[in-house]
Amino acid sequence: MSKSKAKGKTKTKRKSRKKKFERVDGRKADELRPVKIETGVIPNADGSAYIEMGRNKIIAGVYGPREMHPKRLSKPHRGVLRVRYHMAPFSVDPRRSPAPSRRDTEIGMVMTDALEPALFLERYPRSVIDVYVEIIQADGGTRCASVNAAAVALVDAGIPMKDLVASCAAGKMEDHIVLDLGDYEDKKGQADVPVAYMPKLEEVTLLQMDGILTTDETVEAVELAIEGCKQVYEVQREALKKKYGMDEEDAAEDAEETEELGEEPAESEEEDK
Amino acid sequence: MSNNIVSRLKRKKIEEVLEAGTRMDGRGLNDFREIEVRTNFLEKSEGSAEVRMGKTHVIVGVKAGLGTPFDDTPDEGVLMCNAEYTPVAHQTWEPGPPPHGAIELARVVDRGLRSAEILNMEDLGLVSGEKVYIVFVDLYVLNWDGNLIDACGLGALAALKGAEIPVFKVSKKNEVSETDKTQKLELRCEPIPITIYKIGKHFILDATADEEEVADGRLTVTLDENNNVTTLQKAGPVGFTVDEIKKCINIAEEKAAEIRSQSVASE
């Protein structure tokens with residue numbers, strides 16, 4: 001068995017080509033697309049965020065914690081996080097039906113699992129936190145960009161969190177492991193590995209993959225994606241600082257007592273348990 | 001994880017037993033239940049497989065026919081997976097639209113097959129932009145006792161492996177007509193999904209319904225016979241550290257090889 005294993009690995013050996021590798025948009029292999037995040041974009045929502053990640057344009061809104069409808073879905077001992085991922089008909093080419101697809105349902109599920117580890121749902125019995133994500137324009141990696149916007153929107157809604165959740169994909173394109181696949185690389189690439197990560201707790205909360213990678217490449221891609229998540233995390237923090245008016249000095253003073261955004265007290269509470 | 005009193009007690013007991021290095025049914029942490037695979041036992045489907053893993057029982061049917069290709073791949077055939085949670089399979093399952101679990105099951109098995117490029121889709125094209133083969137893989141759960149992704153993934157592979165699809169003739173005028181011949185589907189690889197369940201700090205394979213109910217999360221790793229990873233799917237409201245992910249991939253690598261030699265090769 002071990003012999004055939006070795007044979008399989010040589011078959012997909014990487015970087016055999018001498019030709020210089022260039023990405024379609026001229027980025028370096030470990031370079032993110034430009035990321036821009038803005039908070040408080042939907043006045044009616046309890047919290048909201050808008051993200052541009054490359055040409056992705058996505059809005060996330062948070063309502064809750066609030067009473068659960070329908071009631072039978074509520075839980076007596078804890079709150080429920082519900083994430084709806086939805087693409088606008090004009091967000092892709094050709095036009096797509098506005099009816100929810102199986103893909104949307106699955107992405108809603110994995111996003112719920114990505115965000116829930118950062119929340120204290122046991123504090124909200126019988127309640128629901130609704131996260132609505134609308135893809136205005138899609139450009140590859142929408143689920144990652146959506147997680148980024150949703151996490152910031154949850155903070156904007158004043159919901160205590162153990163950590164932010166940052167997300168980014170890595171993948172394989174022309175035999176190279178690259179960060180943050182765009183639309184073209186997503187379709188033509190050999191593999192796509194979306195990851196969401198809680199930078200302080202150092203835990204991966206979303207992990208999917210499709211394509212063909214050796215086990216070593218899979219680990220390499222996950223580790224590269226985590227590096228991307230850490231960069232996104234900084235952009236998320238900047239966006240929140242901008243809205244909540246913490247300049248460097250204030251923040252430094254503040255940090256001595258409690259950390260900003262209510263993350264730190266929440267985290268220490270977790271440790272107490 | 002449901003948190004009513006019964007499942008909390010269940011969780012406590014299951015964790016206690018895991019702590020001692022064993023399972024409620026006496027298995028080791030990385031042991032599967034006995035796997036039985038039976039193929040081509042149905043006459044009217046192009047391919048079929050029945051998989052039993054302990055009390056988990058699934059049937060996979062393959063049907064092939066003519067259809068129109070997707071706009072962005074006019075020369076390629078279509079492979080489609082669908083999963084059905086039948087109400088006979090468990091007391092809490094009801095008739096109606098597919099629950100989220102069924103949608104995820106179908107999509108994870110589907111991705112395991114398609115991203116591994118199990119079929120050469122261009123071979124399944126007939127008339128560019130108009131007529132192609134569509135191969136449906138329907139996953140039918142008859143009794144649920146956990147670990148459906150692995151059971152259905154194994155069943156889908158076995159059913160496709162034994163499938164014989166009707167041959168269609170294309171005339172010079174691009175007219176497609178039936179023939180009375182059939183041909184085997186040519187599989188390019190053999191992907192098998194292995195799902196690792198996380199309960200506290202323990203990792204187990206082939207979880208039963210009870211174990212699945214109290215588990216914190218799971219990670220499915222699909223591997224082909226060259227140990228290339230073709231699908232990952234993490235689920236459950238819990239995080240995995242990078243070391244845990246590496247550990248899961250290693251466990252899956254070992255187990256996929258073992259199961260492949262046991263159940264797929266023996267047919």
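**Strand β8 of chain A and the sheet shared by two chains**

I would like to begin with one pair of residues, because the rest of the talk grows out of strand β8(A): within that strand, Asp192(A) is the bridge partner of Gly171(A). What we are looking at is a predicted model, and I will come back to its confidence before I finish.

Gly171(A) brings us to strand β6 of chain A, residues 166-173, which runs antiparallel to β8(A) and is joined to it by seven bridges. Toward β9(A), strand β8(A) has six bridges, again in the antiparallel sense, and there Ala191(A) stands opposite Gly211(A). The hairpin made by β8(A) and β9(A) has four residues between its strands, and in it Glu202(A) takes a positive phi near 55 degrees.

How many of the eight residues of strand β8 of chain A are buried? Eight of the eight are, across residues 191-198, so the strand is largely enclosed by the rest of the structure. As a general matter, side chains in a regular strand alternate between the two faces of the sheet. Here Ala191(A), Val193(A), Val195(A) and Tyr197(A) point one way from β8(A), whereas Asp192(A), Pro194(A), Ala196(A) and Met198(A) point the other way, and all of them are buried.

Let me now widen the view to the sheet that holds this strand. It is an open sheet of eight strands with antiparallel pairing, and its order is β7(A)-β6(A)-β8(A)-β9(A)-β12(B)-β11(B)-β9(B)-β10(B). At the edges stand β7 of chain A, residues 176-179, and β10 of chain B, residues 202-205; each has a single partner strand, so one side of each is left without a neighbour in the sheet. From one strand to the next the twist averages 20 degrees.

Two helices deserve a mention alongside this sheet. Helix α2 of chain A, residues 102-115, lies across β6, β8 and β9 of chain A together with β12 of chain B, and runs at about 135 degrees to β9(A). Helix α3 of chain B, residues 148-162, packs on the sheet by touching β9 and β11 of chain B, and its direction makes about 175 degrees with that of β9(B).

The passage from one chain to the other is made between β9 of chain A, residues 203-214, and β12(B), which run antiparallel and are joined by five bridges; Met209(A) stands opposite Leu232(B) in β12(B). Taking the interface as a whole, 36 residues of chain A are in contact with 32 residues of chain B. On the chain B side, α2, β12 and α5 each supply at least two residues, and β12(B) gives the most, with eight. By character, the residues of that side divide into 13 nonpolar, twelve polar and seven charged.

I turn next to another sheet, an open one of five strands in chain A, whose order is β1-β2-β3-β5-β4 and whose pairing is mixed. Its edges are β1, residues 35-39, and β4, residues 80-87, each with a single partner strand, so one side of each is left without a neighbour in the sheet. The average twist from one strand to the next is 15 degrees. Strands β1(A) and β2(A) pair in the antiparallel sense over five bridges, and Val35(A) has Met53(A) in β2(A) as its bridge partner. Helix α3 of chain A, residues 142-156, lies across β1, β2, β3, β4 and β5 of chain A, running at about 150 degrees to β2(A).

One residue of this region, Glu134(A), is found in strand β5 of chain A. Is Glu134(A) buried or partly exposed? With 18 other C-beta atoms within 10 Å, Glu134(A) is partly exposed, the cut-off for buried being 20 or more. Leaving aside neighbours within four places in sequence, Glu134(A) is in contact with Ile59(A), His86(A) and Ala88(A).

Finally, confidence. Chain A averages a pLDDT of 88, and 83% of its residues score at least 70. Among its elements, confidence is highest in α3(A), at 98, and lowest in helix α1, residues 2-11, at a mean of 44. The pLDDT stays under 50 over residues 1-13 of chain A, and also over residues 262-273 of chain A, for which the model has 14 contacts beyond four places in sequence. Where pLDDT is low, the predicted coordinates should not be read in detail.

How values were computed:
Residues numbered from 1 in each chain as written. Chains lettered and ligands numbered in written order. Predicted model: local features only at pLDDT ≥ 70, side-chain atom pairs only at ≥ 80, totals over all residues. Pairing = 2+ DSSP bridges. Axes fitted to C-alpha atoms, helices over the stretch in contact; angles between N-to-C directions. Contact = placed C-beta atoms within 7 Å. Nonpolar A, V, L, I, M, F, W, Y, C, P; charged D, E, K, R; others polar. pLDDT = per-residue confidence, 0-100. Buried ≥ 20, exposed ≤ 12 C-beta atoms within 10 Å, placed from the backbone.
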